[in-house]
Amino acid sequence: MTHKGRIVSAVALTTLALGLTACSDGEDAASAQDSPPASAPASSDPGSKSPSADPSDDAAAPAGGDVAAPGTKFKIGDRAVLPFKYGTDKKGTVAVTVTAIEKGAEADMASFGDKAKGMTPYYIRMKVENVGGTDLSYSSLRLRGKLEGGGPTGVILIGDLPGKCDSETAPRDFTTKGASYETCSLSATKTDPIAVASFEEGDAYSDSPVLWTS
(Lines give C-alpha, C1' and ligand atoms only; values in the text may rest on other atoms or scores of the structure.)
Protein backbone atom coordinates (compact mmCIF):
# COMPACT_ATOMS: atom_id res chain seq x y z
CA MET A 1 0.00 0.00 0.00
CA THR A 2 1.39 3.41 -0.98
CA HIS A 3 1.38 6.42 1.35
CA LYS A 4 -0.14 9.53 -0.21
CA GLY A 5 1.69 12.58 1.00
CA ARG A 6 0.28 15.96 1.99
CA ILE A 7 1.66 19.49 1.92
CA VAL A 8 2.87 20.36 5.40
CA SER A 9 5.05 23.44 5.51
CA ALA A 10 7.00 22.85 8.70
CA VAL A 11 9.64 25.48 8.01
CA ALA A 12 9.81 27.87 5.06
CA LEU A 13 12.74 27.29 2.74
CA THR A 14 14.23 30.75 2.51
CA THR A 15 17.45 30.29 0.56
CA LEU A 16 18.73 28.32 -2.39
CA ALA A 17 22.12 27.40 -0.96
CA LEU A 18 23.80 26.25 2.22
CA GLY A 19 22.27 28.83 4.55
CA LEU A 20 18.94 27.05 4.98
CA THR A 21 16.81 27.88 8.01
CA ALA A 22 17.36 25.11 10.54
CA CYS A 23 14.77 22.98 12.31
CA SER A 24 15.45 21.50 15.72
CA ASP A 25 17.45 18.70 14.07
CA GLY A 26 19.30 21.03 11.71
CA GLU A 27 17.24 20.26 8.61
CA ASP A 28 14.44 22.07 6.76
CA ALA A 29 11.13 20.38 6.11
CA ALA A 30 8.70 20.09 3.20
CA SER A 31 6.17 17.52 2.06
CA ALA A 32 4.07 16.47 -0.94
CA GLN A 33 0.43 15.99 -1.86
CA ASP A 34 -1.60 14.95 -4.88
CA SER A 35 -3.57 18.22 -4.96
CA PRO A 36 -2.19 21.76 -5.50
CA PRO A 37 0.03 23.13 -2.70
CA ALA A 38 -1.71 24.54 0.36
CA SER A 39 -0.40 25.25 3.85
CA ALA A 40 -1.73 23.02 6.60
CA PRO A 41 -0.71 22.12 10.15
CA ALA A 42 0.87 18.80 10.95
CA SER A 43 -1.92 16.31 11.66
CA SER A 44 -0.26 14.15 14.26
CA ASP A 45 2.73 13.67 16.46
CA PRO A 46 5.38 12.02 14.25
CA GLY A 47 6.62 10.04 17.22
CA SER A 48 3.25 8.26 17.49
CA LYS A 49 3.49 6.73 14.03
CA SER A 50 7.13 6.56 13.10
CA PRO A 51 8.90 3.25 13.70
CA SER A 52 11.74 3.21 16.20
CA ALA A 53 14.45 0.72 16.94
CA ASP A 54 15.75 -0.38 20.33
CA PRO A 55 18.16 -3.31 20.57
CA SER A 56 16.83 -4.16 24.04
CA ASP A 57 13.42 -4.96 22.56
CA ASP A 58 14.66 -8.22 21.10
CA ALA A 59 14.79 -11.13 23.52
CA ALA A 60 17.12 -13.24 21.37
CA ALA A 61 19.52 -12.82 18.47
CA PRO A 62 17.74 -13.18 15.12
CA ALA A 63 18.21 -16.27 13.02
CA GLY A 64 19.04 -14.16 9.96
CA GLY A 65 22.34 -12.86 11.37
CA ASP A 66 23.70 -10.59 14.08
CA VAL A 67 22.00 -7.25 14.58
CA ALA A 68 24.06 -4.39 13.12
CA ALA A 69 25.56 -2.24 15.84
CA PRO A 70 24.90 1.51 15.80
CA GLY A 71 27.38 3.24 13.53
CA THR A 72 27.95 0.25 11.26
CA LYS A 73 28.68 1.13 7.63
CA PHE A 74 27.55 -0.98 4.67
CA LYS A 75 27.85 -0.82 0.91
CA ILE A 76 24.79 -0.44 -1.30
CA GLY A 77 23.59 -3.99 -1.93
CA ASP A 78 24.54 -5.20 1.56
CA ARG A 79 21.95 -6.67 3.92
CA ALA A 80 21.75 -5.21 7.44
CA VAL A 81 19.81 -6.90 10.25
CA LEU A 82 18.17 -4.32 12.51
CA PRO A 83 15.89 -4.19 15.56
CA PHE A 84 12.58 -2.63 14.63
CA LYS A 85 9.61 -1.19 16.48
CA TYR A 86 6.50 0.34 14.93
CA GLY A 87 3.91 2.16 16.99
CA THR A 88 3.26 0.74 20.44
CA ASP A 89 2.53 -2.91 19.72
CA LYS A 90 4.67 -4.10 16.81
CA LYS A 91 8.32 -5.00 17.27
CA GLY A 92 10.77 -7.51 15.93
CA THR A 93 13.81 -7.81 13.71
CA VAL A 94 14.10 -6.92 10.04
CA ALA A 95 16.79 -7.08 7.39
CA VAL A 96 17.18 -4.06 5.13
CA THR A 97 19.01 -4.18 1.81
CA VAL A 98 19.52 -0.83 0.09
CA THR A 99 19.49 -1.70 -3.59
CA ALA A 100 20.01 1.76 -5.11
CA ILE A 101 20.23 5.50 -4.50
CA GLU A 102 18.91 7.01 -7.73
CA LYS A 103 19.06 10.65 -8.76
CA GLY A 104 15.81 12.13 -10.05
CA ALA A 105 15.08 15.36 -11.91
CA GLU A 106 14.14 18.71 -10.38
CA ALA A 107 10.93 18.59 -12.44
CA ASP A 108 9.88 15.50 -10.46
CA MET A 109 9.41 17.75 -7.42
CA ALA A 110 6.59 19.80 -8.96
CA SER A 111 3.99 18.38 -6.56
CA PHE A 112 5.84 19.99 -3.64
CA GLY A 113 5.21 23.47 -5.02
CA ASP A 114 7.44 26.53 -4.91
CA LYS A 115 9.23 25.38 -1.76
CA ALA A 116 10.90 22.64 -3.81
CA LYS A 117 12.42 24.91 -6.44
CA GLY A 118 16.10 24.15 -6.83
CA MET A 119 15.80 20.75 -5.14
CA THR A 120 17.04 17.55 -6.74
CA PRO A 121 15.23 14.38 -5.55
CA TYR A 122 16.95 11.09 -4.79
CA TYR A 123 15.20 7.75 -4.53
CA ILE A 124 16.47 5.31 -1.89
CA ARG A 125 15.25 1.89 -2.99
CA MET A 126 15.30 -1.01 -0.55
CA LYS A 127 14.10 -4.50 0.26
CA VAL A 128 12.77 -5.15 3.77
CA GLU A 129 12.66 -8.71 5.14
CA ASN A 130 10.98 -10.03 8.30
CA VAL A 131 13.77 -11.83 10.14
CA GLY A 132 12.23 -12.32 13.58
CA GLY A 133 8.92 -13.76 12.40
CA THR A 134 6.77 -11.39 14.47
CA ASP A 135 3.66 -9.62 13.20
CA LEU A 136 4.91 -6.48 11.44
CA SER A 137 2.01 -6.21 9.01
CA TYR A 138 1.18 -2.70 7.77
CA SER A 139 4.30 -1.24 9.37
CA SER A 140 6.56 1.13 7.44
CA LEU A 141 10.26 1.86 7.49
CA ARG A 142 12.02 4.95 6.21
CA LEU A 143 15.66 5.72 5.50
CA ARG A 144 17.09 9.23 5.24
CA GLY A 145 19.38 10.47 2.53
CA LYS A 146 22.71 12.02 3.54
CA LEU A 147 25.47 13.80 1.70
CA GLU A 148 28.77 12.04 1.06
CA GLY A 149 30.44 11.60 4.43
CA GLY A 150 27.10 11.48 6.27
CA GLY A 151 26.29 15.19 6.45
CA PRO A 152 22.64 16.36 6.47
CA THR A 153 20.92 17.46 3.27
CA GLY A 154 19.19 20.46 4.85
CA VAL A 155 15.82 19.13 3.63
CA ILE A 156 13.21 16.82 5.15
CA LEU A 157 10.48 15.48 2.86
CA ILE A 158 7.21 13.93 4.01
CA GLY A 159 5.49 11.88 1.32
CA ASP A 160 6.49 10.20 -1.90
CA LEU A 161 6.38 10.62 -5.67
CA PRO A 162 3.86 8.13 -7.08
CA GLY A 163 5.31 6.18 -9.95
CA LYS A 164 8.84 7.33 -9.20
CA CYS A 165 9.39 6.69 -5.48
CA ASP A 166 6.49 4.91 -3.77
CA SER A 167 6.69 4.58 0.00
CA GLU A 168 5.07 1.22 0.64
CA THR A 169 3.80 -0.23 3.91
CA ALA A 170 4.43 -3.86 4.78
CA PRO A 171 1.76 -6.20 3.39
CA ARG A 172 -0.82 -7.98 5.52
CA ASP A 173 1.18 -11.23 5.44
CA PHE A 174 4.41 -9.60 6.69
CA THR A 175 4.15 -11.79 9.77
CA THR A 176 6.52 -14.72 9.14
CA LYS A 177 10.26 -15.24 8.74
CA GLY A 178 11.36 -14.62 5.20
CA ALA A 179 8.41 -12.43 4.23
CA SER A 180 9.61 -9.37 2.32
CA TYR A 181 8.54 -6.32 0.36
CA GLU A 182 10.18 -3.48 -1.55
CA THR A 183 9.80 0.22 -0.86
CA CYS A 184 11.37 3.60 -1.56
CA SER A 185 12.33 6.56 0.64
CA LEU A 186 12.33 10.00 -0.96
CA SER A 187 15.06 12.49 -0.14
CA ALA A 188 16.25 15.72 -1.74
CA THR A 189 19.05 18.26 -1.69
CA LYS A 190 19.80 21.77 -2.90
CA THR A 191 23.53 21.37 -2.51
CA ASP A 192 25.82 18.36 -2.95
CA PRO A 193 24.59 14.98 -4.22
CA ILE A 194 23.03 12.46 -1.86
CA ALA A 195 25.33 9.46 -1.59
CA VAL A 196 24.35 7.82 1.72
CA ALA A 197 21.24 6.09 3.09
CA SER A 198 20.81 6.31 6.86
CA PHE A 199 18.81 4.21 9.36
CA GLU A 200 18.16 6.42 12.40
CA GLU A 201 15.18 4.84 14.18
CA GLY A 202 15.47 4.39 17.96
CA ASP A 203 17.64 6.13 20.52
CA ALA A 204 20.83 4.18 19.80
CA TYR A 205 20.62 4.66 16.03
CA SER A 206 19.51 8.30 16.09
CA ASP A 207 22.84 9.19 17.70
CA SER A 208 24.88 6.75 15.60
CA PRO A 209 22.99 5.64 12.49
CA VAL A 210 23.63 2.64 10.29
CA LEU A 211 24.80 3.88 6.88
CA TRP A 212 24.85 2.50 3.32
CA THR A 213 27.27 4.08 0.83
CA SER A 214 28.23 3.41 -2.77
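Let me begin with a word I will lean on throughout: a residue is called buried when its relative accessible area is under 20%, and by that cut-off Cys165, at 0%, is buried. Please keep in mind that what we are looking at is a predicted model.

Cys165 is a good place to start, since the structure holds one disulfide, and that disulfide joins Cys165 to Cys184 with an S to S distance of 1.9 Å. The partner, Cys184, also counts as buried, at 3% relative accessibility. Cys165 lies in the loop between strand S7 (155-158) and strand S8 (180-189), while Cys184 sits in strand S8 itself, so the pair ties together parts that are 19 residues apart in sequence. As for handedness, the torsion about the S-S bond of Cys165 and Cys184 is about -100°, which means that the disulfide is left-handed.

Turning to the protein as a whole, there are two helices and ten strands, and read along the sequence they follow the pattern β-α-β-β-β-β-β-β-β-β-α-β. Of the 214 residues, 45% count as buried, and the protein exposes about 10,300 Å², of which carbon and sulfur atoms supply 51%. If we take the contacts between residues at least 6 apart in sequence, 73% of them join residues at least 24 apart.

Now to the interior. In soluble globular proteins, nonpolar side chains tend to be buried together. Here the largest nonpolar core has 28 residues, and those with the most contacts inside it are Leu82, Leu141, Leu143 and Trp212. The elements that give two or more residues to this core are strands S3 (79-86), S4 (90-103), S5, S9 (194-199) and S10 (210-213). A second, separate core of twelve residues includes Ala116, Leu161, Ala188 and Cys184, the last of these being one of the two disulfide cysteines.

Let me finish with two individual residues, beginning with Lys127, which is found in strand S5, residues 120-130. Lys127 is partly exposed, because its relative accessible area of 37% falls between the cut-offs of 20% and 50%. Leaving aside its neighbours within four places in sequence, Lys127 is in contact with Ala95, Val96 and Thr97, and also with Ser180, Tyr181 and Glu182. For Ala95, which is 32 residues away along the chain, the C-alpha separation from Lys127 is 8.0 Å.

The other residue is Tyr138, placed in the loop between S5 and strand S6 (144-147). Its phi is near 65°, a positive value in a residue other than glycine, and Tyr138 is partly exposed, with a relative accessible area of 45%.

Technical notes:
Residues are numbered from 1 along each chain as its sequence is written. This is a predicted model: local features need pLDDT of at least 70, side-chain atom pairs count only at pLDDT 80 or more; totals for chains, interfaces and linings use all residues. Side-chain values use heavy atoms; hydrogens and water are left out. Helices (H or I, at least four residues) and strands (E, at least two) are DSSP runs, numbered from the N terminus. Buried means under 20% relative accessible area, exposed over 50%, partly exposed in between (1.4 Å probe, protein chains only). Contact means heavy atoms within 4.5 Å. Accessible areas come from the Shrake-Rupley method with a 1.4 Å probe; for residues, only the protein chains shown count as cover. A nonpolar core is a set of buried Ala, Val, Leu, Ile, Met, Phe, Trp, Tyr and Cys residues joined through side-chain atoms within 4.5 Å. A disulfide is a pair of cysteine sulfur atoms within 2.5 Å.
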